[in-house]
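Hi everyone, thanks for making time for this. I'd like to walk you through a structure that may be new to you, so please have a look at the screen.

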Amino acid sequence: MKLHFTTVVVCSLILSFSLLEPAMAGSPFCDSKCAERCKLAGVQDRCLKYCGICCEDCKCVPSGTYGNKHECPCYRDKVNKKGKPKCP
């Protein structure tokens, strides 16, 4: 009985990790655009995180490393809980 329970637990862990990995990975489009957008950022990991979130929602990222948000109104208009711009 213990062997059966252990087998079920291990199989469910493997299955859950295989299902979660694609959800955590960004799209190639967003990854490349955000890498370009955040290459000069002081806090790279935070910039990449929020750029990725905004890119997935808006399906676009403004060109350059700063500004140009007029190119993507959805990206420009996203705000956090405090009303400040969410997207880098």
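Let's start with a pair of cysteines: C30 and C55 are both buried. They are joined to each other by a disulfide, with 2.0 Å from S to S. The torsion about that S-S bond is -80°, and the link of C30 and C55 is left-handed. Where do these two cysteines sit in the chain? C30 is in helix α2, residues 28-37, and C55 is in helix α3, residues 44-58, so their bond ties together parts that lie 25 residues apart in sequence.

Before going further, a word on what you're looking at. This is a predicted model. The mean pLDDT of the protein is 83, and 72% of its residues reach 70 or more. Confidence varies between the elements: helix α1, residues 2-24, has the lowest mean pLDDT, at 51, while α4 has the highest, at 97. Please take care with residues 17-24 in particular, where pLDDT stays under 50. For that stretch the model has zero contacts beyond four places in sequence.

Now the overall layout. How many helices and strands does the protein have? The count is four helices and zero strands, and reading along the sequence gives the pattern α-α-α-α. There are 88 residues in the protein, and 17% of them count as buried. The exposed area is about 6700 Å², with carbon and sulfur atoms supplying 65% of it. As for contacts with a separation of 6 or more, 43% come from residues 24 or more positions apart.

Back to the sulfur. How many disulfides does the structure hold? It holds six. If you number the bonded cysteines in sequence order, the pairing reads 1-7, 2-5, 3-4, 6-12, 8-11 and 9-10.

We have met one of these bonds, so here are two others. C34 and C51 form a disulfide with their sulfur atoms 2.2 Å apart. C34 lies in helix α2 and C51 in helix α3, so this pair ties together parts 17 residues apart in sequence. The torsion about the S-S bond of C34 and C51 is about -85°, which makes the disulfide left-handed. C34 and C51 are both buried.

The next bond is between C60 and C72, whose sulfur atoms are 1.7 Å apart. Is this disulfide left-handed or right-handed? The torsion about the S-S bond of C60 and C72 is about 50°, so the disulfide is right-handed. C60 and C72 are twelve residues apart, and each is in the loop between α3 and α4, with α4 covering residues 73-77. Are these two cysteines buried or exposed? C60 is partly exposed, because its relative accessible area is 21% and the cut-off for buried is under 20%. C72, with a relative accessible area of 2%, is buried.

Let's take a closer look at α2. Its buried residues include C30, C34 and R37. On which side of the helix do they lie? They cover an arc of only 55° around the axis, so they are on the same side of α2. As a reminder, an α-helix has 3.6 residues a turn, so residues three or four places apart point the same way. Among the parts that cover the buried residues of α2 are α3 and α4.

That brings us to the interior. The largest nonpolar core has twelve residues: C30, C34, C38, C47, C51, C54, C55, C58, V61, C72, Y75 and C87. The elements giving two or more residues to this core are α2 and α3. Of these, α3 gives the most, with five residues. If you want to look at one core residue on screen, try C47. Leaving out residues up to four places away in sequence, C47 touches C38, A41 and P88.

One last stop, at G52, in helix α3. G52 counts as buried, since its relative accessible area is 19% and the cut-off is under 20%. How far apart are the C-alpha atoms of G52 and D31? They are separated by 6.9 Å, while the two residues are 21 residues apart along the chain.

So, to recap: four helices, zero strands, six disulfides, and a largest nonpolar core to which α3 gives the most residues. Thanks for listening, and I'm happy to go back to any part.

Conventions. Residues are numbered from 1 along each chain as its sequence is written. This is a predicted model: local features need pLDDT of at least 70, side-chain atom pairs count only at pLDDT 80 or more; totals for chains, interfaces and linings use all residues. Side-chain values use heavy atoms; hydrogens and water are left out. A disulfide is a pair of cysteine sulfur atoms within 2.5 Å. Buried means under 20% relative accessible area, exposed over 50%, partly exposed in between (1.4 Å probe, protein chains only). Contact means heavy atoms within 4.5 Å. Accessible areas come from the Shrake-Rupley method with a 1.4 Å probe; for residues, only the protein chains shown count as cover. pLDDT is the predictor's confidence in each residue, from 0 to 100. The arc is that of the directions from the helix axis to the C-beta atoms. A nonpolar core is a set of buried Ala, Val, Leu, Ile, Met, Phe, Trp, Tyr and Cys residues joined through side-chain atoms within 4.5 Å.
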